[in-house]
Amino acid sequence: MIKKYYKSVAALPLAGLLAFSMGNSVGYGQAETSQLPSDATVFELDAFVVDGIRDSIIQGMDIKRYSLQMVDSIVAEDIGKFPDNNLVEALQRVSGVQTTGRGGGEVSTVSIRGLPDVTTTINGRNIFTAAGRSVALADIPASLLRGVDVYKTRSASHIETGIAGVINIHTHRPFDFDGNRINVAVRGIYQDQASSFDPNISALYSTRGTLNTGAEWGALVNVSYAETNYRDQSVTAGAMVPFAGANPPAPLTPYERIWPDDGRFPEGRDGNQIWQPGLEAGLPFEAGSTLQMNGQPVPYVLSRDAIFASDLTGYRERPAASVSLQYAPNRTSEYTFEMFYNGYRNESFNSLLFSFADWWGSLGPNPEQNIELFPGTNVVKSRSFVGFPYGFTSGDLVVGKTDSFLYALGGRWELTSDLTLRADAYYQHSEYNETFFAQRFDQVHWGLAVDFNSGGGLPAFQFLNDPNTATDESDLNNMSRWNVAQLYDNAFRDKGDAYTLELDADYNTNWDILRTLNFGVRYDARNATSGQRTQDAPGLGQPLSNFPELAHVNTGFFDGRSDVPTTWTASNGYYIYNNQDEVRNIYRNTVAPNLAVGNDLRIVDNFSVDEKTTAAYVSGNYRTEIGGRVLDGQLGLRYVSVVTDMDFTDLNTLEESSATAHTSKVLPSFTIRYELMPDLRLRFAYGQTLRRPGFAALNPNIVYTEDVTDIGYGTAAGGNPNLAPTESKNYDLSLEWYFMDSSALYGTLFRRDIDGLVVDFRRRITYEDYDYVLSAPDNASNGKLEGIELGFVFFPEMLRGFGVQASYTILDSIQDIPITNTAGEIVGTDTTPFFGVSDTSYSVVLAYENPRFSARLSYVWREDFLNNYEAALFANPLGVYNKPEQSLDLSLSYNVNRNLTLTLDATNLTNEIFQSYYQYPETHNFGSSIFSRTVAVGARYSF
């Protein structure tokens with residue numbers, strides 16, 4: 001085996017790809033001394049060891065310093081020691097990384113510099129989940145990680161996809177350790193909202209030895225298992241729609257809801273609309289705003305169509321395992337076999353309480369006094385009385401299961417002192433299955449009092465009692481008042497497979513300026529299939545008291561943070577799921593004779609995609625001196641050709657169709673790095689990357705969803721097999737000052753020019769005598785993202801164990817959004833920020849450690865951001881924004897002795913309420929959610 005090591009993951013000559021593809025120790029790659037950069041530190045190292053917070057921060061900083069690409073890294077403080085529950089939570093402290101998708105006791109989504117299109121590799125191998133192009137990062141436990149690299153620029157050797165960047169996950173290998181190693185880590189994690197104490201267990205065994213021939217071998221097994229019980233609670237003010245004012249012209253009545261296609265008015269006939277739903281900015285909300293009706297301006301007010309509350313509880317398991325076998329017959333060759341498995345098991349039960357708040361038929365004795373507007377607007381803040389609103393509860397159970405396997409065999413051969421060859425072959429399979437079973441109960445309440453924004457964006461509502469009856473109308477657990485309503489019964493299956501072969505070579509040219517040539521090829525054969533079955537049944541029209549076994553009662557909802565119901569009766573999702581055919585037969589024997597049961601239930605594949613990707617690259621690392629200072633970098637070209645064969649099945653007619661797409665592209669890249677002073681470096685990088693459309697987005701078959709909230713029309717969605725890859729040109733300029741061995745200050749300017757962004761076109765269609773708003777994607781938008789990224793690491797010896805790590809990111813994004821009319825014709829263009837992009841975000845980590853004790857307090861914050869688009873059915877602005885998000889986390893550890901460490905980790909210490917709104921936070925609030933704080937106690941034992 002090669003004995004010399006240098007501080008780099010992608011540092012230069014041979015080492016960049018060698019470390020990336022072969023997954024050498026985080027922070028270290030292997031190379032001959034003659035191939036090292038002048039400032040690389042060469043030393044003997046027999047085992048990979050990182051011990052403590054300071055060591056892990058310095059290792060991550062060294063990776064950044066010595067890499068040709070712009071990369072940020074996190075390194076485990078010890079085996080099994082990330083103070084986080086999953087990979088996503090670990091990444092939120094990396095500069096330029098933003099996280100979102102809170103729920104279910106965790107954070108699930110990562111974006112790099114505001115872009116979510118991230119390519120994920122494990123030990124350099126591209127991975128995915130089921131029929132998707134990306135992996136569910138939350139499924140990867142932090143306890144299996146050795147380190148993570150976040151690449152923000154790309155060399156030609158990197159996979160071409162992922163406009164945002166590449167996240168490369170390193171797992172442990174036996175050659176990381178000297179001799180045998182056993183590590184066991186046990187944590188108990190308390191979820192406060194679920195009042196549950198959940199186990200998180202990991203174990204590692206590694207051994208290595210030497211044969212009589214001098215060959216070295218090693219074997220490692222690393223396993224992890226985690227359980228999570230969670231509870232997420234939310235209260236949401238519904239979408240906005242227009243209502244007539246207090247004194248409208250005939251035929252309108254006071255505060256009557258105004259429908260877009262009301263045929264009583266010429267503006268609502270013959271395909272015309274009185275107002276257009278789904279406008280980017282929504283309807284005007286200034287006081288006195290009007291709509292044209294019968295050719296006259298009619299004042300309107302904007303109020304919510306509904307109010308609802310969700311009490312989501314669930315249980316999740318995540319098993320995972322990593323196996324690595326290594327064999328080095330001599331100093332010039334090495335073979336590695338690896339297997340990686342990650343699993344996901346989830347049962348989530350949503351108890352939903354929903355009430356319409358739009359009925360105008362009973363407004364109470366003083367309608368104008370019952371309705372309060374926000375000052376200076378036409379937006380309704382509260383209604384003290386809504387008479388006879390229709391409401392329902394829904395008990396929804398979702399059961400999901402994922403199993404993902406990756407098997408790989410790789411080899412590395414130093415054919416000569418100047419030529420190294422690497423080969424890697426791997427196969428992966430991933431499958432996801434989901435069942436959704438839901439049932440509603442409904443009733444007409446006597447009255448509702450609702451304040452859509454009672455303060456701080458929090459809605460409040462209560463049901464009212466009829467003073468003329470003795471019945472407690474506000475008792476939401478009176479089974480005699482609930483009727484057994486609709487049934488929804490769906491199942492989904494996604495599968496993905498891939499065979500991949502990679503060949504790479506590094507050649508040391510010994511030329512004056514061009515020092516090394518790197519070249520290689522990659523072939524990937526990918527298959528993805530997706531199938532589903534859907535059915536539903538109308539309401540039984542029978543009281544719930546006839547079926548008491550169906551009932552579930554929740555308690556203690558929303559922790560008293562707003563004046564909302566704290567308990568209600570919904571269908572018991574676990575009961576109906578465990579007795580599915582019994583429940584189906586109740587409907588089949590009364591109102592739905594065609595409902596499928598038992599063996600008649602069948603999942604039908606709706607698309608199957610075979611995609612073959614061929615890529616080749618060549619790059620060269622150069623080095624010279626200007627003004628007595630080193631200037632080096634890399635030039636490269638990558639060619640990629642993709643052939644996609646698609647087969648589709650229309651689930652409405654079972655008709656089959658097919659399509660084929662072929663794209664090819666040459667992608668240039670180059671980096672320049674100049675040593676202004678021994679510790680001050682200037683870098684520039686340029687590269688081109690792609691985002692391929694998701695497989696589901698290619699499916700042209702239309703899925704129709706009928707109106708379930710009395711809007712008057714349903715929604716429909718279909719794909720587009722002609723979607724092309726989105727292309728991005730990427731520019732990065734950085735200045736880095738490493739003013740101490742353990743301290744650095746750096747800043748980066750960056751820009752992404754993106755062409756062919758996929759956006760949805762909407763148009764009104766009629767299918768089987770029912771109206772729908774159809775959304776279908778197209779490459780109809782271009783955008784630009786630019787920003788500044790600042791970072792600071794300060795952990796000097798003179799502070800005697802104290803240190804700080806901080807980052808700050810400023811982003812500015814803009815994209816063109818076509819505006820369409822009801823026929824789908826483009827009538828204009830609007831501009832919006834990118835989804836998921838906060839203008840500013842920052843993180844601060846304060847750390848302390850001594851030989852016995854270590855502590856880390858971290859705070860992350862991100863500004864408001866556009867999270868998603870609402871269904872284009874309403875009068876509010878289309879965009880749903882998340883309010884600023886923040887999290888304060890703490891990690892403590894105490895070394896009892898050299899083998900045993902005790903830990904305490906806590907997340908979301910400030911117990912935040914996470915909120916969203918429709919573009920205008922003061923008047924257009926939307927949802928408010930409570931997620932769990934977690935406190936984990938644990939122990940690690942190593943020997």
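Ser-206 is buried, with a relative accessible area of 0%. It belongs to strand 12, which covers residues 196–210. The model is predicted. The chain averages a pLDDT of 88. It holds six helices and 49 strands.

**Confidence**

- A pLDDT of at least 70 is reached by 93% of the residues.
- Strand 29 (residues 569–571) has the highest mean pLDDT among the elements of the chain, at 98.
- Strand 1 (residues 4–7) has the lowest, at 28.
- Over residues 1–50, pLDDT stays under 50.
- For that stretch the model still has 171 contacts beyond four places in sequence.
- Where pLDDT is low, the predicted coordinates should not be read in detail.

**Overall build**

- The chain has 943 residues and a radius of gyration of 30 Å.
- A compact globule with 943 residues would have a radius of gyration near 30 Å, so the chain agrees with that expectation.
- Along its principal axes, the C-alpha trace spans about 95 × 60 × 60 Å.
- Of the 943 residues, 59% count as buried.
- Take the contacts between residues at least 6 apart in sequence: 71% of them join residues at least 24 apart.

**Surface and charge**

- The chain exposes about 35,300 Å².
- Carbon and sulfur atoms supply 54% of that area.
- There are 70 positive and 111 negative side chains.
- The centres of the two charge sets lie 8 Å apart.

**Buried serines and their contacts**

- Beyond four places in sequence, Ser-206 touches Pro-174, Phe-177, Gly-179, Asn-180, Arg-181, Ala-219 and Leu-220.
- Ser-781 lies in strand 38, which runs over residues 770–794.
- At 1% relative accessibility, Ser-781 counts as buried because the cut-off for buried is under 20%.
- Ser-781 and Asp-816 are 35 residues apart along the chain, and their C-alpha atoms are separated by 5.2 Å.
- Asp-816 is also in contact with Ser-781, as are Gln-815 and Ile-817.
- Other contacts of Ser-781 are Asp-755, Gly-756, Leu-757 and Val-759, again leaving aside neighbours within four places in sequence.

**Links across the sequence**

- Ile-53 is found in helix 2, residues 53–66.
- Ile-53 counts as buried, at 2% relative accessibility.
- Ile-53 and Glu-849 are 796 residues apart along the chain, yet their C-alpha atoms are separated by 7.1 Å.
- Arg-691 is found in strand 33, residues 680–691.
- Arg-691 touches Leu-115, Asp-117 and Ile-163, and also Pro-725, Thr-726 and Leu-757, not counting residues up to four places away in sequence.
- Leu-757 is in contact with Ser-781 too.
- From Arg-691 to Leu-220 the C-alpha distance is 36 Å, with their positions 471 residues apart in sequence.
- Leu-220 is one of the residues that Ser-206 touches.
- Ile-371 lies in strand 19, residues 371–373.
- Ile-371 counts as buried, at 13% relative accessibility.
- Ile-371 touches Tyr-255, Val-380, Ser-382 and Arg-383, not counting residues up to four places away in sequence.
- Ile-371 and Glu-922 are 551 residues apart in sequence and 18 Å apart in space, C-alpha to C-alpha.

**Backbone points to check in loops**

- The peptide bond from Ala-250 to Pro-251 is cis, with omega near 10°.
- Pro-251 sits in the loop between strand 14 (240–244) and strand 15 (290–293).
- Ala-130 is not a glycine, but has a positive phi of about 55°.
- Ala-130 is in the loop between strand 8 (125–126) and strand 9 (145–151).
- Ala-130 counts as buried, at 4% relative accessibility.
- Arg-800 also has a positive phi, near 55°, in a residue other than glycine.
- Arg-800 is in the loop between strand 38 (770–794) and strand 39 (802–820).
- Arg-800 counts as exposed, at 70% relative accessibility.
- The two positive-phi residues therefore fall on opposite sides of the cut-offs: Ala-130 is buried, while Arg-800 is exposed.

Conventions: Residues numbered from 1 in each chain as written. Predicted model: local features only at pLDDT ≥ 70, side-chain atom pairs only at ≥ 80, totals over all residues. Heavy atoms only, no water. Helix = DSSP H or I, 4+ residues; strand = E, 2+ residues; numbered from the N terminus. Rg over C-alpha atoms; globule rule 2.2 N^0.38 Å. Buried < 20%, exposed > 50% of the residue type's maximum accessible area, 1.4 Å probe, protein only. Contact = heavy atoms within 4.5 Å. Areas by Shrake-Rupley, 256 points an atom, 1.4 Å probe, with all protein chains shown as cover. Lys, Arg positive; Asp, Glu negative; His and termini not counted. Charge placed at Lys NZ, Arg CZ, Asp CG, Glu CD. pLDDT = per-residue confidence, 0-100.
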